[in-house]
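Reader: I would be grateful for a close look at a single residue and its place in the chain. Please then set it beside the nonpolar groupings of the model.

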Amino acid sequence: MQGTELHQSGELSISGNFNDDVLANDGLVQTSNYWRVIQEYRQYFSDEQIQIVFLKDLKSSPDAVLRECCTFLDVGPGFDFTDPDEARNTSASKGLATTFGRIARSMPGYRTLAGGAPSFLKALVRPLIKDSFTGKPDWRPTVKEKVVSRLEGDTNRFLNYTGRPRDYWILDA
């Protein structure tokens, strides 16, 4: 949720250099402060009304986790999850806007035009608009150390709240 709002707000200044972008855009790190995010929800909802699902659990026991989610949401146990293992919203479908892409997106009517374009045309134009992600980022040790330092306290509070051990996520790995 926060990442989408941050992206759509235009507050990000993305150059394409991962380490420089992380240092220049505080919001990229802030979206990983899960304890802070949960606190915002806790202002309006009791803990019993908040369900937290860890990707690790979803991957290891998808049926059990989906059943728990259905119970939490009061969805009938017979709900059919068609292809629950099918990847959706994967990073392969995402990308970093090219210079042309940033200019095109700032033009009035871009979203309407892009939304109504046929699939074959979108596929032809996509390389001009977005560069695809090609792998995991190459962290500079100083940048990673700074980010880990900023996230550590929040992460520990979040893991404690969810009953997970402090080493559940290895931040410095």
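**An exposed loop residue and the nonpolar groupings**

Author: With a relative accessibility of 71%, Asp74 counts as exposed; that term means over 50% relative accessible area, buried means under 20%, and partly exposed lies in between (1.4 Å probe, protein chains only). The model is predicted, so local features need pLDDT of at least 70 and side-chain atom pairs count only at pLDDT 80 or more, whereas totals for chains, interfaces and linings use all residues. Residues are numbered from 1 along each chain as its sequence is written, and side-chain values use heavy atoms, with hydrogens and water left out.

Asp74 lies in the loop between α6 (62-73) and β1 (95-97); helices (H or I, at least four residues) and strands (E, at least two) are DSSP runs, numbered from the N terminus. The phi angle of Asp74 is near 60°, a positive value in a residue other than glycine.

Turning to the interior, the largest nonpolar core comprises seven residues: Trp35, Ile38, Ile50, Phe54, Phe158, Leu159 and Tyr168. Such a core is a set of buried Ala, Val, Leu, Ile, Met, Phe, Trp, Tyr and Cys residues joined through side-chain atoms within 4.5 Å. At least two residues of this core come from each of α4 (34-42) and α10 (141-161). Another core, of five residues, lies apart from it and includes Val22, Val29, Val147 and Leu151. Neighbours within four places in sequence aside, Phe158 is in contact (heavy atoms within 4.5 Å) with Tyr34, Trp35, Ile38, Ile52, Phe54 and Trp169.
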